[in-house]
Amino acid sequence: MKEVEGFGIPSPFFMKDNKLMRLNEKDNEEEFISRQIPYVTKCFDDIEKNNVQYELKWFNDGKVYSEVVPAIALATKREVIALANKGLSSNDRNARHLIEYFDLFLEKNKLKRSVVVSHLGYVGNHFIHPLIESKFRIVPPDEGEIQRLKAIKCSGTVEDWITNVLEPLYDNPKALFPIMASFASVLFKEFDLSPIIVDISGISSSGKTTVQKVCASVWGKPSGYISSMLTTKVAIERIASFLNAFPLILDDTNTAHDKKALQQIIYLFGNGTGKMRGSLDGSRGTSSWQSVFITTGENNILEYTNSQGSAARVIPITNFKFINKTADYFTLLNQNVELYYGSIGLEFIKRWGESFRAI
Ligand SMILES: Nc1ncnc2c1ncn2[C@@H]1O[C@H](COP(=O)(O)OP(=O)(O)O)[C@@H](O)[C@H]1O
Ligand SMILES: [Mg+2]
């Protein structure tokens, strides 16, 4: 099978009828190990977290399975058995042999290491954007991050975006500010600025969410980029840290959280670092970001905070509204942001890199 061409099965293991077998050296008996033959095909080295992950491939009913797993998943009995959840035929009986197999496999097949990162934005002096070629491979830590990563993409040209998304807002400075803040977010690291919250508040149906979609459309598809579901500090910390330099955009922030939670979120984001968290795969690392958080809500977010420190990091845009706009205007704008997105942000990063720094 071409996916695993060039990889050898290490003795005393061997393949028989597409099954993994082992030759017992003592009595020369062939022992059945596993219905499938797993191949370790790639090695990913996360330089920031100092942890190693492997790509595991196997075949079942003519289908190729591929999983990226932490090194520990190939090294301990419990973790090897847990791979059964991914469809691998590992179990209590063969786990010990599979650990031996993986170890010998890695010894026999020298894998090329590729460098991985678990977040976007800055890694040293490199800027990581899924559409900019680099030596790094982005491995999102979890579902929420995968969703963001998938949303960062392009549709339509730079000109399409300017004409259909930006130009309709030219007469509304309160709308233009958060859009500029969305661009500026990726420059915060460059100028070593602390994170800032841009909060859009105003009555219902005043166009706050529509403008937020435009902010998101700078970088990707708004319906995937924006979230209103993040209710915990941990979730916000994770996404902010994954986005790193890209803006965090959450809708209806101040309706979704109670006062105390909101205060903590403002403080947490303004700090730019999360707590050190051990994750399931045993990796460590401090989460951090230098970016802009764009929030919306009916009330000014500052009404929810009494802490001077965090208040200093909020730019409130209050009484948000559009003047003399028809329903068609909003319909069109809401359609256009889902058609034209991402190209402008990509171009912005490229030009910034050409003018000021090597990306
Ligand atoms: N997908 C859409 N298609 C058409 N009109 C929309 C869409 N989303 C919102 N609108 C309209 O745009 C206006 C502003 O809505 P919205 O941006 O959601 O305001 P807010 O977030 O301030 O409540 C409202 O009149 C709303 O009915
Ligand atoms: Mg809204």
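## A bridge across the chain

Lys-221 and Glu-338 join their side chains in a salt bridge, with N and O 3.0 Å apart. The term salt bridge stands for a side-chain nitrogen of Lys or Arg within 4 Å of a carboxyl oxygen of Asp or Glu. This pair connects distant parts of the chain, since 117 residues separate the two: Lys-221 sits in the loop between α6 and α7 (222–225), and Glu-338 in the loop between α12 and α13 (343–356). Helices here are DSSP runs of H or I with at least four residues, strands are runs of E with at least two, and both are numbered from the N terminus.

Are these two residues buried, partly exposed or exposed? Lys-221 is partly exposed at a relative accessible area of 25%, and Glu-338 is partly exposed too, at 23%. For these words, buried is under 20% relative accessible area, exposed is over 50%, and partly exposed lies in between (1.4 Å probe, protein chains only).

## How to read the model

You are looking at a predicted model, in which local features need pLDDT of at least 70 and side-chain atom pairs count only at pLDDT 80 or more, while totals for chains, interfaces and linings use all residues. Residues are numbered from 1 along each chain as its sequence is written, chains are lettered from A and ligands numbered from 1 in the order in which they are written, and side-chain values use heavy atoms, leaving out hydrogens and water.

## More salt bridges

How many salt bridges does the structure hold? There are 13. One of them pairs Lys-86 with Glu-67, at 3.8 Å from N to O. Lys-86 belongs to the loop between α1 (77–82) and α2 (95–108) and Glu-67 to strand β6 (residues 63–70), so this bridge ties together parts 19 residues apart in sequence. Lys-86 is partly exposed at 41% relative accessible area, and Glu-67 is partly exposed at 22%.

Another salt bridge stays within one helix: Arg-351 and Glu-347 both lie in α13, four residues apart, or about one turn. Their closest N and O atoms are 2.8 Å apart. Arg-351 is exposed, with a relative accessible area of 52%, whereas Glu-347 is partly exposed at 28%. Elsewhere, Lys-42, Glu-55 and Lys-57 form one network through salt bridges that share partners.

## Around ligand 1

Now let us visit the ligand. The residues near ligand 1 (those with a heavy atom within 4 Å of it) include Ile-203, Lys-208, Phe-330 and Asn-334. This shell consists of two nonpolar, eight polar and one charged residue. Nonpolar covers Ala, Val, Leu, Ile, Met, Phe, Trp, Tyr, Cys and Pro; charged covers Asp, Glu, Lys and Arg; the others, Gly among them, are polar. Helices α6 (208–217) and α12 (327–336) each give at least two residues to the shell.

Polar contacts are pairs of N or O atoms within 3.5 Å. An oxygen atom of ligand 1 lies 2.7 Å from a polar backbone atom of Ser-205, and one lies 3.0 Å from a polar backbone atom of Gly-207. With Thr-209, the partner is a side-chain N or O atom, 2.7 Å from an oxygen atom of the ligand. The protein covers 62% of the 550 Å² of accessible area that ligand 1 has on its own, by the Shrake-Rupley method with a 1.4 Å probe.

## Cysteines

How many disulfides are in the structure? A search of the whole structure finds zero, counting pairs of cysteine sulfur atoms within 2.5 Å. Cys-154 has its closest cysteine sulfur in Cys-215, 17 Å away, which is too far for a bond. Cys-154 is partly exposed at 33% relative accessibility, while Cys-43 is buried at 2%.

Key: Polar contact = N/O pair within 3.5 Å; in protein donor to acceptor, adjacent residues only side chain to side chain.
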